[in-house]
Structures are given as structure tokens and as C-alpha cells.
Amino acid sequence: MVRLKLIADLVINHSSDEHPWFEKSINRIHPYTDFYVWADPKGFDDEGKPIPPNNWAVLGNGTTKEANSIFTSSPSNSQTSIYVVSN
């Protein structure tokens, strides 16, 4: 008899940054702005890149501070959004 234990990491509440709802949210079209979490950046670094509003991190995703931030910047507006799976 084989005893198999399985741990599944399901990401069921994420959408692509190419999804129509996300694109409408970036363009601030109501009610899609409420579908995602948006936050103003803390400021901008010397290269003009937005600084995430807090130090929340995505664990095990990249090696740099920017890659580990739960927030990603949007080129279409001046805010950052909570991490989107397919960038």
C-alpha cells in the first residue's frame, strides 16, 4: 500500500494583468476599481521607480527587494497594485 500525501497551493482569486477587469481597473472605470487593491507608492527611487507603500513580501518569489514586494507598479497610472500572478 502506497501512502501519498499531497499539499496543493491553489491560487484561485488571482487574475492576469491582461484581464479586461484589471485593465479597466487601471483606467479607473467604475466598478472595476473596487476589484483590485490599489495604493499610492511611498515615493520614488533615484531611477523614478515607485517605492512600495509597505514592506509586505511575496515569499519565495525572486531574489531582489523589488521582486519580493507584494505590490507591483502600473505604467498606466501612478499607483501600485497588490501582486498579480502573470506579469
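Which residue in β5 does Trp38 stand opposite? Trp38 faces Ser81 there. Keep in mind that this is a predicted model, and let's build the picture outward from that tryptophan.

**The overall layout**

The chain folds into 2 helices and 5 strands. Reading from the N terminus, they come in the order α-β-β-β-α-β-β. There are 87 residues, and 24% of them count as buried. As for surface, the chain exposes about 7100 Å² of accessible area, with 55% of that belonging to carbon and sulfur atoms. If you look at contacts between residues at least 6 apart in sequence, 38% join residues at least 24 apart.

**The sheet around Trp38**

Strand β1 covers residues 38-39, and Trp38 sits in it. That strand belongs to an open sheet of 3 strands, in the order β1-β5-β4 and with antiparallel pairing. β1 and β4 (71-73) are the edge strands with a single partner each, so one side of each has no neighbour in the sheet. β1 pairs with strand β5 (residues 80-82) over 2 bridges, in the antiparallel sense. In general, strands of a sheet pair through backbone hydrogen bonds, either parallel or antiparallel.

**The aromatic pairs**

Now for the rings. The whole structure holds 5 aromatic pairs. One of them brings us back to Trp38: its ring centre lies 5.7 Å from that of Phe22 and the planes meet at 25°, so this pair is stacked; under 30 degrees is what stacked requires. Phe22 is in helix α1 (residues 20-26) and Trp38 in β1, so the pair ties together parts that are 16 residues apart in sequence.

Another pair is Tyr32 with Phe35. Here the ring centres are 5.1 Å apart and the planes stand at 70°, so the pair is edge-to-face. Tyr32 and Phe35 also join Trp21 in one aromatic cluster.

How much cover do these residues have? Here are some of them, together with two others from helix α1, Pro20 and Ser25:

| Residue | Relative accessible area | State |
|---|---|---|
| Phe22 | 5% | buried |
| Trp38 | 17% | buried |
| Tyr32 | 18% | buried |
| Phe35 | 39% | partly exposed |
| Pro20 | 46% | partly exposed |
| Ser25 | 1% | buried |

The stacked pair has both partners buried: Phe22 at 5% and Trp38 at 17%. In the edge-to-face pair, Tyr32 is buried at 18%, while Phe35 is partly exposed at 39%. Since buried means under 20% relative accessible area, Tyr32 with its 18% makes the cut.

**Ser25 and Pro20 in helix α1**

Which residues does Ser25 touch, leaving aside those up to four places away in sequence? The answer is Tyr32, Thr33, Tyr36 and Trp38. So this buried serine, at 1% relative accessibility, has contacts with a member of the stacked pair, Trp38, and with a member of the edge-to-face pair, Tyr32.

Pro20 is in helix α1 too, but it is partly exposed at 46%. Its C-alpha atom is separated by 9.5 Å from that of Tyr32, and the two residues are 12 apart along the chain.

**Back to the start**

Trp38, then, has Phe22 stacked against it, Ser25 touching it and Ser81 of β5 opposite it.

How values were computed. Residues are numbered from 1 along each chain as its sequence is written. This is a predicted model: local features need pLDDT of at least 70, side-chain atom pairs count only at pLDDT 80 or more; totals for chains, interfaces and linings use all residues. Side-chain values use heavy atoms; hydrogens and water are left out. Helices (H or I, at least four residues) and strands (E, at least two) are DSSP runs, numbered from the N terminus. Buried means under 20% relative accessible area, exposed over 50%, partly exposed in between (1.4 Å probe, protein chains only). Contact means heavy atoms within 4.5 Å. Accessible areas come from the Shrake-Rupley method with a 1.4 Å probe; for residues, only the protein chains shown count as cover. Rings of Phe, Tyr and Trp (its six-membered ring) pair if their centres lie within 6.5 Å; planes under 30 degrees apart count as stacked, over 60 as edge-to-face and the rest as tilted. Two strands pair if DSSP finds at least two bridges between them.
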